[in-house]
Amino acid sequence: QVQLVESGGGLVQPGGFLRLSCAASGSIFSIGAMGWYRQAPGKERELVARARSGGTTAYSDAVKGRFTISRDNAKNTVYLQMNSLKPEDTAIYYCHAQITDSSDAFLRDYWGQGTQVTVSS
């Protein structure tokens, strides 16, 4: 069984920063892409940033230049450093990973439980 556990959300003022973490654990054979999505009230879930196992990263236009995604492959962990936060960044942030389960060798998509980020004065 594989789990993704997120941490680091909270309330921050506009212009502030937060760092999200997501650790994968369980029967992991290998991890492909890891990334962060977000969903604001009344909106669809959208990709924020993604990091492939080889190091290639991609960002949505809305966060490019303000957010940085990074991975620690030894710890099966992905991070999202969020700087210059804006009220429109307010959303539930979900971690995502493509993981091959060592118990059956199937590649699956896994999601974290979500962490609330609120940007408000």
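**Entry 1: contacts and overall form**

I began with contact range in this predicted model. Among contacts in the chain with a separation of 6 or more, 56% join residues 24 or more positions apart. Next I took the radius of gyration. The chain has 14 Å, and a compact globule with 121 residues would have a value near 14 Å, so the two agree. I then looked up the extent along the principal axes. The C-alpha trace spans about 50 × 25 × 25 Å. Burial came next: 40% of the 121 residues count as buried.

**Entry 2: secondary structure**

I asked how many helices and strands the chain has. There are zero helices and eleven strands. Read along the sequence, the pattern is β-β-β-β-β-β-β-β-β-β-β.

**Entry 3: the four-strand sheet**

I traced an open sheet of four strands. Its order is β1-β3-β8-β7, and the pairing is antiparallel. Which strands are at the edges? They are β1 and β7, each of which pairs on one side only. From one strand to the next, the twist averages 15°. I then checked the pairing of β1 with β3. These two strands are antiparallel and share six bridges. For register, I noted that E6 stands opposite C22 in β3.

**Entry 4: the nonpolar core**

I looked up the largest nonpolar core. It holds 29 residues, and those with the most contacts inside it are W36, L80, M82, Y93 and I99. Strands that each supply at least two of its residues include β3 (18-26), β4 (28-39), β8 (77-82) and β9 (91-101). β1, β5 (46-51), β7 (67-72) and β11 (115-119) also each supply at least two. Which strand gives the most? It is β9, with five residues. I kept one general point beside this: in soluble globular proteins, nonpolar side chains tend to be buried together.

I picked L80 for a closer look. Leaving out residues up to four places away in sequence, L80 touches L18, R19, L20, W36, V48, A49, F67, T68, I69 and Y93. Two of the names on that list, W36 and Y93, are also among the residues with the most contacts inside the core.

**Entry 5: S21**

I moved to S21, which lies in strand β3. Is S21 buried or exposed? Its relative accessible area is 18%, and the limit for buried is under 20%, so S21 counts as buried. Not counting residues up to four places away in sequence, S21 touches V5, E6, S7, W36, V78 and Y79. W36 is thus on the contact list of S21 and on that of L80.

**Entry 6: T77**

T77 lies in strand β8. T77 is buried, because its relative accessible area is 8%. I looked for a polar partner of its side chain. A polar atom there lies 2.8 Å from the backbone oxygen of K75. Beyond its neighbours within four places in sequence, T77 is in contact with C22, A23, M34, S70, R71 and D72. One of these, C22, is the residue in β3 that E6 stands opposite.

**Entry 7: G9**

I finished with G9. Where is G9 placed? It sits in the loop between β1 (2-7) and β2 (10-12). G9 counts as partly exposed because its relative accessibility is 33%. Leaving aside neighbours within four places in sequence, G9 is in contact with L18, L20, T115, Q116 and V117. I computed the C-alpha to C-alpha distance to Q116: 5.4 Å, across 107 residues of sequence. L18 and L20 appear on the contact list of G9 and also on that of L80.

Conventions. Residues are numbered from 1 along each chain as its sequence is written. This is a predicted model: local features need pLDDT of at least 70, side-chain atom pairs count only at pLDDT 80 or more; totals for chains, interfaces and linings use all residues. Side-chain values use heavy atoms; hydrogens and water are left out. Buried means under 20% relative accessible area, exposed over 50%, partly exposed in between (1.4 Å probe, protein chains only). Contact means heavy atoms within 4.5 Å. A nonpolar core is a set of buried Ala, Val, Leu, Ile, Met, Phe, Trp, Tyr and Cys residues joined through side-chain atoms within 4.5 Å. Two strands pair if DSSP finds at least two bridges between them. Axes are lines fitted to C-alpha atoms, for helices over the stretch in contact, and angles run from 0 to 180 degrees between N-to-C directions. A polar contact is a pair of N or O atoms within 3.5 Å; within protein, one must be able to donate a hydrogen and the other to accept it, and residues adjacent in sequence count only if both atoms are side-chain atoms. The radius of gyration is taken over C-alpha atoms; the globule rule is 2.2 Å times the number of residues to the power 0.38.
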